[in-house]
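Got your viewer open? Here's a request: walk me through this structure, telling me what to select at each stop and what I'll find there.

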Amino acid sequence: MSQTAHTAHHPRWYRTRVSTYWWSRKWAYFLFIVRELTSLAVAYFVVFTLMQIHALRQGAEVYAEFQEWLRRPLLISLNAISLFFVLYHAITWFNLAPRAISARFRGKRIPDLLITASNYGAWLVVSLGLVWLLSGG
Amino acid sequence: MTKRSNEPFLWFLFSAGGVVAAFLMPVLLFLNGLAFPLGWLTPFGYEKTLDLVKHPITRLLLFVMCSLPLFHWAHRFRFTLYDGLQIKHLNEVISFLSYGGAIVGTALAGYLLWNIP
Amino acid sequence: MAETITLEVARYRPEQEMEPTFQQFEVPFRKDWVVLDALNYIKDKLDTSLSYRWSCRMGVCGSCGMMVNDEPKLTCATFLSDYMPGPVRVEPLRNFPVVRDLVIAMTDFMVKLQRVKPWLIREQEKPLSDGEYLQTPEQLDDYKQFSMCINCLICYAACPVYGLDPHFLGPAAIALAQRYNRDSRDEGSQERLDILSQHDGIWGCTFVGECTKVCPKHVDPAGAIQQYKLEATKEWFKSFLLPWGAK
């Protein structure tokens, strides 16, 4: 960047160093970090699913043991917390996705709300569909 | 002419993973992690579950669901470490561990889903 | 009826101190006064040594951006009445080096702005005899929002990524690049792509979204950046899958 010439009062620009806790100074920054950390819950669910598939492949007994293990309070709590973060991911994702789509291309004819609503609608269909498909015994 | 970055491809994986995770994970985590273990809903028995998972479409869906979201995590977590902990100078290590982890996970998913006895 | 409000103003005089300090001023409270009025009162009546930038006092020049109670604002558009009973903390714009008192060095932004080539790039200029470039209202609408930027740097003050990595191009520069990319008269998209699609270009942005929230002219730089990420990705796939057709 530019070189400043020396004068009688030597000019020194003051630079503040960004604190390690910058994300705790503003509510908006904090929520942003929470949103980013949801990726950990997403990764966790992949691991969970792989464990489930692994148990399934090993036969009915091992699978039953896995199901039992899932009933432990620790696992239930872990999954409940993860569900919160995974939901937070989904909601923030659907709310932000329309901003990336150049639906404004044709003179803003497609409002953000329509894209968000379609996303939530599709999500509802998929979710309810899966519940109907996978439960009932 | 400066070389164009390959970040677009990584961002594409991140986005695809984000979409898959947003659509599928809430309900599946709810069912498999809470509703079934707590008895709110009844799951399929072992045989029926096995049959369902063996189906090629299910296996493909599960593979996609276990692969793309890992790349979503890798990309997002990498930037969270840069900005949150200010360790951007370790970017080579971070990239190796995060995308590397995603590749390992993908390979594992592929192995588990390729052949179900 | 002599209501007053306290302003805590950051002072930094490099010839006499190593670090910024705060100075308190009692300023008359008027319902229609903005923070800039208070600063002008201080300079006129209380301490002529106070240094700060301002110009149009009506929100179009972008000179008077400062931190007011830790939020980046145009001081000409920030009413004292919103902060009663006070005190009101006024500091220089965050994420920029402080030259003196409330004045920051904006050289970094000027360099970055130039880098994105914020002008119409054409292979061949139309001769004057051919008349003007015509543009429909829809074509104008495509880029109009991004053209409203007044270069006030408030978005840079709000952006945590810029604060953490000064190499980051930043919201306004990218939004202004988009203003030209989207202009139907412009033919410079490919040129700008090489500059923007870099790690310290658009790919440093993690869509925090604060820039859009604080922008006094509703430019929505965050939206501009995310849209451009999508376009840059499409271009990447095009050049990857159809290298012979890359133009």
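Here is a tour in four stops, and keep in mind that you're looking at a predicted model.

**Stop 1: chain B on its own**

Hide the rest and show chain B as a cartoon. You'll find 4 helices and 0 strands, so to speak an α-α-α-α run when you start from the N terminus. Turn the chain around: its C-alpha atoms fill a box of roughly 60 × 30 × 20 Å along the principal axes. Why is chain B called more spread out than a compact globule? Because its radius of gyration is 18 Å, well over the 13 Å that the globule rule gives for 117 residues.

**Stop 2: two helices that cross in chain B**

Now select residues 7-35 of chain B, which are helix α1(B), and residues 56-84, which are helix α3(B). They pack at an angle of about 125 degrees, and their axes lie 7 Å apart. That makes α1(B) and α3(B) oblique to each other, and their crossing is left-handed.

Switch on side chains to see who meets whom. On the α1(B) side, look for residues including Leu10(B), Trp11(B), Phe14(B) and Leu24(B). Across from them, α3(B) brings residues including Val64(B), Leu68(B), Phe71(B) and Arg76(B). Color this contact by residue type and you get 13 nonpolar, 4 polar and 1 charged.

**Stop 3: where chain A touches chain B**

Bring chain A back. How many residues of chain A are in contact with chain B? There are 44, and they touch 43 residues of chain B. On the chain A side, select α1 (27-57), α2 (60-70), α3 (73-100) and α4 (112-134): each supplies at least two of the touching residues. The largest share comes from α1(A), with 17 residues. By type, the chain A side divides into 28 nonpolar, 13 polar and 3 charged residues.

**Stop 4: the sheet in chain C**

Finally, move to chain C and follow the strands across. There are 5 of them in an open sheet, in the order β2-β1-β5-β3-β4, with mixed pairing. Which strands sit at the edges? Those are β2 (21-28) and β4 (71-74) of chain C, each pairing on one side only. From one strand to the next, the twist averages 35 degrees.

Zoom in on β1(C), residues 4-11: this strand pairs with β2(C) in the antiparallel sense over 8 bridges. Click Arg11(C), and you'll find Thr21(C) of β2(C) standing opposite.

Last selection: residues 35-46 of chain C, helix α1(C). This helix packs on the sheet, touching β1, β2, β3 (65-68) and β5 (88-91) of chain C. Its direction makes about 95 degrees with that of β2(C).

Definitions and conventions: Residues numbered from 1 in each chain as written. Chains lettered and ligands numbered in written order. Predicted model: local features only at pLDDT ≥ 70, side-chain atom pairs only at ≥ 80, totals over all residues. Pairing = 2+ DSSP bridges. Axes fitted to C-alpha atoms, helices over the stretch in contact; angles between N-to-C directions. Contact = placed C-beta atoms within 7 Å. Nonpolar A, V, L, I, M, F, W, Y, C, P; charged D, E, K, R; others polar. Parallel < 35°, antiparallel > 145°, perpendicular 65-115°, else oblique. Left-handed = near helix turned anticlockwise from the far one by under 90°. Rg over C-alpha atoms; globule rule 2.2 N^0.38 Å.
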